[in-house]
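Hi everyone, thanks for making time this morning. I have one structure to walk you through, so let me put it on the screen.

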Amino acid sequence: MLFGSLSQLKIYSRNSSSPVEQTDDLHYRLRVVDLIESLAKSRSANPHLVLVLLPLFSIVRGSATVEQELQSKAAKLLRQIVSGRKDSPAPEDPQSALDALEELHVVSQTVDSADLATLCSQTSIYLAKAALASPAADAGTSASIAKLFGDSFELYLSKKNSKTRVQPALTIEFGRRLPTCAWPLFKTVVALAGGAETAVNAYRRMQAFEVAQALLTSYAALVRSSLPPHLRPANVVGSRTENGRNQVGHPRRPPRVPRRDLRRPLLLPHRHLVDV
């Protein structure tokens, strides 16, 4: 209940002209972030954590110079929540995580900082995992997540003057971290790369091919790992060999045979020598 109450607190800055009010407002939000940090450390799997991610990300995106301490603290807290967690929170209803994920994808279209782009990608994956971990999640939940990522990537490709730094890394990370959920995007991404349905320039089409390759590689590795050891191909990416792990998609090269230096005379044993 406490996390639910925190999600309703006004973490955003209010418009105030008085320096005293601005200072009080800043101190108030610092204390709220401190409280969320202490609760996140003691209850890292609490499902209500999904409710505070967007307010924290909004603070990190702020541009006010007087709020640098608040932005730094919020960024550190958000990274602690979304990275390095093996167990994702499992909200009772996946819709709360889906709503936050949808709003974050809207915000991601205007993220023009590389550091924020990485944080945005990590937060998106965290929310997607939380929605999938919900006991009420079903096939529709997975389809909704895939559609959100697919629509976001398609919007990036079709928007000529898009300055976002989140794509295509966001979709690639989605395919790498959640290959089963992301696999339905493969046909759509390949079609976008072909440029048949949407007007996409050559550079964006190459990016779409990179995303398609990442989706295919991640899903193929997942399928291969599920096979019994005796059925796994030995000459493709991800297969264990005596010499280690081959690169994906490339057959194993045959061993090199040393060539004799033709510039040196061939020396035969004495038993092969005959008198002339």
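I'll start with the overall layout and then go through a few places in the chain.

Please keep in mind that this is a predicted model. The secondary structure comes to 11 helices and 2 strands. If you read along the sequence, the helices come before the strands, in the pattern α-α-α-α-α-α-α-α-α-α-α-β-β. The chain has 276 residues, and buried ones make up 38% of them. Now take the contacts in the chain with a separation of 6 or more: 67% of those are between residues 24 or more positions apart.

Let's go to the interior. The largest nonpolar core has 60 residues, and those with the most contacts inside it are Ile81, Ile145, Phe149 and Phe174. Helix α6 gives the largest share of this core, with 10 residues.

Two of those names are worth a closer look, and that takes us to the rings. The model has 4 aromatic pairs. One of them is formed by phenylalanine 149 and phenylalanine 174, with 3.9 Å centre to centre and 5° between the planes. Why does that pair count as stacked? Because planes under 30 degrees apart are classed that way, and here the angle is 5°. The pair also links distant parts of the chain: phenylalanine 149 sits in helix α7, residues 139-158, while phenylalanine 174 is in helix α8, residues 169-177, and the two positions lie 25 residues apart in sequence terms, as the separation is counted. To put that last point plainly, the two are 25 residues apart. Phenylalanine 149 is buried, at 0% relative accessibility, and phenylalanine 174 is buried with a relative accessible area of 0% as well.

What does phenylalanine 174 touch, not counting residues up to four places away in sequence? The list is Ile125, Ile145, Ala146, Phe149, Pro179, Cys181, Ala182 and Leu185.

Staying with helix α8, its buried residues are Leu170, Thr171, Phe174 and Gly175. Seen down the helix axis, they fall within an arc of 135°, so they line one face of α8. As a reminder, an α-helix has 3.6 residues a turn, so residues three or four places apart point the same way. And what covers those buried residues of α8? The cover includes α5 (95-108), α6 (114-133), α7, α9 (179-182), α10 (185-194) and α11 (202-225).

Before we leave the rings, there are two more items. Ring pairs link Trp183, Phe186 and Tyr219 into a cluster. There is also a charge over a ring: arginine 204 lies over the face of tyrosine 156, at 4.2 Å from the ring centre.

Next, a polar residue on the inside. Histidine 105 lies in helix α5, and it is buried, with a relative accessible area of 5%. Its side chain is joined to that of serine 152 by a polar contact of 3.3 Å. Leaving aside neighbours within four places in sequence, histidine 105 is in contact with Ser124, Leu148, Phe149, Ser152 and Leu170. That list brings back Phe149 from the stacked pair and Leu170 from the buried residues of α8.

Now for the loop between α7 and α8. Proline 168 lies there, and a cis peptide bond joins glutamine 167 to proline 168, with omega at about 0°. For context, most peptide bonds are trans. Valine 166 has its place in that loop too. Is valine 166 buried or exposed? It counts as buried, at 1% relative accessibility. Not counting residues up to four places away in sequence, valine 166 touches Ser108, Val111, Ala117, Cys120 and Ser121. The C-alpha atoms of valine 166 and tyrosine 156 are separated by 9.5 Å, with the two residues 10 apart along the chain.

Two more residues to finish. Leucine 116 has its place in helix α6 and is buried, with a relative accessible area of 17%. Why does 17% make the list? Because buried means under 20% relative accessible area. Leaving aside neighbours within four places in sequence, leucine 116 is in contact with Phe57, Val60, Arg61 and Val111. Its C-alpha atom is separated by 8.4 Å from that of arginine 165, 49 residues apart along the chain.

The other one is threonine 141, in helix α7. Threonine 141 counts as buried at 5% relative accessibility. Outside its neighbours within four places in sequence, threonine 141 is in contact with Pro94, Leu98, Ala131 and Leu132.

That's my tour, and I'm happy to rotate the view to any of these places. Thanks for listening!

Note on methods: Residues numbered from 1 in each chain as written. Predicted model: local features only at pLDDT ≥ 70, side-chain atom pairs only at ≥ 80, totals over all residues. Heavy atoms only, no water. Phe/Tyr/Trp six-rings, centres within 6.5 Å; stacked < 30°, edge-to-face > 60°. Helix = DSSP H or I, 4+ residues; strand = E, 2+ residues; numbered from the N terminus. Buried < 20%, exposed > 50% of the residue type's maximum accessible area, 1.4 Å probe, protein only. Lys NZ or Arg CZ within 6 Å of the ring centre and 35° of its normal. Arc of directions from axis to C-beta. Contact = heavy atoms within 4.5 Å. Core = buried A, V, L, I, M, F, W, Y, C linked by side-chain atoms within 4.5 Å. Polar contact = N/O pair within 3.5 Å; in protein donor to acceptor, adjacent residues only side chain to side chain.
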